[in-house]
Amino acid sequence: MTKTLVWVEHDNASVKDATLSAVTAASQLGEVHLLVAGSGAAAVAEAAAKIAGVGKVHLADDAAYANALAENVAPLIVSLMESHDAFVAPSTSNGKNIAPRVAALLDVAQVSDILSVEGPKTFTRPTYAGNAIATVESSDAKLVVTVRGTAFAKAASEGGSGTVEAVSGSGDSGLSSFLGAEIAKSERPELTSAKVIVSGGRALKDSETFKQVIFPLADKLGAAVGASRAAVDAGYVPNDYQVGQTGKIVAPEVYIAVGISGAIQHLAGMKDSKTIIAINKDEDAPIFQVADVGLVADLFTAVPEITGKL
Amino acid sequence: MKILVPVKRVIDYNVKPRVKSDGTGVDLANVKMSMNPFDEIAVEEAIRLKEKGVATEIVAVSVGPAKAQETLRTALAMGADRAILVTTDDEVEPLAVAKILKGIVGEEAPGLVILGKQAIDDDSNQTGQMLAALLGRPQGTFASEVTVEGDSVTVKREVDGGLETVKLSLPAIVTTDLRLNEPRYASLPNIMKAKSKPLANKTPADYGVDTAPRLKTLKVTEPATRQAGVKVADVDALVAKIKELGIA
């Protein structure tokens with residue numbers, strides 16, 4: 001039976017939701033074992049052991065693993081892969097950074113961003129910004145895959161009875177060091193796990209207008225805030241708001257696109273949303289071709305009015 | 001310091017890809033092809049480092065069909081000094097590309113290799129990380145700022161929660177994200193000049209690399225399409241719809 005090793009996404013304090021989708025994907029391949037690589041991350045390992053269906057939780061606790069530097073964690077994963085058949089990581093920035101380094105060290109072709117497990121070594125994955133879905137079969141002895149979070153249900157975070165086992169690796173490679181992070185703190189839900197998202201585009205004019213128009217509606221709906229690439233490039237909001245082919249992939253219950261024309265790169269990041277609502281003054285905007293509900297209107301008057309009436 | 005910039009010829013980002021009716025792939029016949037947008041950012045970053053006096057020479061490299069020469073000429077017109085074309089008509093997976101690049105790095109000994117983080121055709125996001133692994137060198141992926149100081153490079157990275165900064169010892173591999181810079185357009189005189197810049201022709205065999213695919217593509221299909229829904233007349237109708245969804 002295939003033994004999988006799943007990368008646990010965490011911040012040394014708690015398990016991130018992206019892990020749960022990766023666990024579901026891994027469970028379709030075989031036994032699910034986890035890796036918690038971090039520093040002072042014992043509580044994370046304890047929490048991870050409670051995820052439904054989990055077997056062993058490998059805990060590598062070392063200052064060198066605190067910030068998931070690929071140069072340090074890849075050799076650790078490679079050594080653990082001697083006793084596992086598949087390395088499974090969520091398509092988070094850590095997963096995307098680390099998995100290919102592991103794959104190359106194992107001389108394995110990685111399967112990126114899988115949408116489904118079709119067989120022991122067969123997967124579907126999006127290409128061309130999701131405009132072509134490829135079914136691929138690996139011929140390598142071991143597998144390295146990353147998992148698109150929106151394509152798999154989240155495993156239950158409680159109910160499992162995994163066992164935590166300490167492991168150690170070679171620690172600091174001496175190649176790289178972590179200098180710091182600017183992580184925005186927000187009271188709003190996280191973009192990739194929000195039930196409702198309100199996104200703004202270039203039409204929002206500037207940072208101040210974006211805040212004045214989009215934030216009140218988002219807050220009224222308890223929604224996360226997203227943005228098109230154009231809005232991020234123009235500096236209205238930081239990069240972590242970007243939804244699209246190369247930004248975040250989201251699939252909320254409701255996605256409200258405000259002043260977003262609907263370039264294919266943006267659609268690639270949100271077209272699996274359950275209901276799409278679009279507000280745009282251009283009635284020919286491509287966003288209306290995918291929207292369930294559209295309103296052709298000037299957003300500067302319509303959005304505050306909607307916010308007021310909800 | 002020399003900088004190596006790998007570039008890929010891909011479908012132009014403004015073209016909507018069409019899946020072939022026989023399900024074998026995407027129809028690229030008579031479709032406009034361009035340099036992968038993230039690779040343009042990589043070329044631009046290398047040029048800026050040269051303009052700052054950090055880099056002395058920029059070598060562009062492409063692995064692909066003979067027509068990838070056009071992509072290399074674009075890089076040369078932007079400001080790269082010379083180019084290497086590793087010609088193959090096969091589809092080369094990221095792992096094999098990384099192996100070829102490793103061979104080129106062995107010959108050229110660049111201080112930095114700057115790549116696009118992902119190609120917009122296969123959307124793999126692997127080659128830079130794989131090259132770093134094969135070389136045993138550090139990687140600064142998804143870069144939004146690159147600063148070279150002495151024997152190290154500081155890379156500000158776009159990550160899920162915002163930005164993080166890492167310091168890498170040189171030589172290092174950097175992959176570009178969207179906000180790193182805005183690539184320049186090549187001027188007509190530079191396009192003319194690019195035609196006489198050196199371009200070396202190689203094959204994967206020159207680097208002893210087997211490009212046989214490890215992943216077999218069984219089929220390629222169109223994604224499920226969404227149908228356009230209704231357009232509502234006014235704000236009140238939209239508010240009613242939102243309330244129907246039970247989110248307000």
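In this predicted model, a good place to start is a single pair of residues: Ala134 of chain A stands opposite Val220(B), a residue of β12(B). The pair belongs to a longer match between strands, in which β8 of chain A (residues 132-138) and β12(B) run antiparallel and are joined over six bridges.

From this pairing, the view can be widened to the whole contact between the chains. Chain A brings 72 residues to the contact and chain B brings 64. On the chain B side, several helices and strands each supply at least two residues, among them α3 (94-108), α4 (127-135), β7 (139-149) and the strand β12 (215-221) already met above. The element of chain B that gives the most is β9(B), with eight residues. Sorted by class, the side of chain B that touches chain A holds 31 nonpolar, 16 polar and 17 charged residues.

Chain A can next be taken on its own. Its secondary structure comprises eight helices and 16 strands. With a radius of gyration of 21 Å, close to the 19 Å that the globule rule gives for 310 residues, chain A is as compact as a globular protein of that length. Its C-alpha atoms fill a box of roughly 60 × 40 × 40 Å along the principal axes. Of the 310 residues in this chain, 61% count as buried. Contacts that span a long stretch of sequence are well represented too: of those between residues at least 6 apart in chain A, 66% join residues at least 24 apart.

The domain assignment divides chain A into domain 1 (3-166) and domain 2 (191-309). The C-alpha centres of these two domains of chain A are 31 Å apart. Where the domains meet, eight residues of domain 1 are in contact with eleven residues of domain 2. The domain 1 side of this meeting place in chain A consists of two nonpolar, four polar and two charged residues.

Further along chain A, a closer look can be given to strand β13 (residues 224-227). Ala224(A) and Gly226(A) point one way from β13, Val225(A) and Ala227(A) point the other way, and all are buried. Strand β12 of chain A (residues 196-200) runs parallel to β13(A), and four bridges join the two. One of the residue pairs here is Ile197(A) with its bridge partner Ala224(A) in β13(A). Between the two strands, the chain passes from β12(A) through helix α5 (residues 207-221) to β13(A), making a β-α-β crossover that is right-handed.

Technical notes: Residues are numbered from 1 along each chain as its sequence is written. Chains are lettered from A and ligands numbered from 1 in the order in which they are written. This is a predicted model: local features need pLDDT of at least 70, side-chain atom pairs count only at pLDDT 80 or more; totals for chains, interfaces and linings use all residues. The radius of gyration is taken over C-alpha atoms; the globule rule is 2.2 Å times the number of residues to the power 0.38. A residue is buried if 20 or more other C-beta atoms lie within 10 Å of its own, exposed if 12 or fewer, and partly exposed in between; C-beta atoms are placed from the backbone. Two residues are in contact if their C-beta atoms, placed from the backbone, lie within 7 Å. Ala, Val, Leu, Ile, Met, Phe, Trp, Tyr, Cys and Pro count as nonpolar, Asp, Glu, Lys and Arg as charged, and the others, Gly among them, as polar. Two strands pair if DSSP finds at least two bridges between them. Domain bounds come from an automatic or database domain assignment. A crossover is right-handed if, with the strands pointing away from the viewer, the path from the first strand over the helix to the second runs clockwise.
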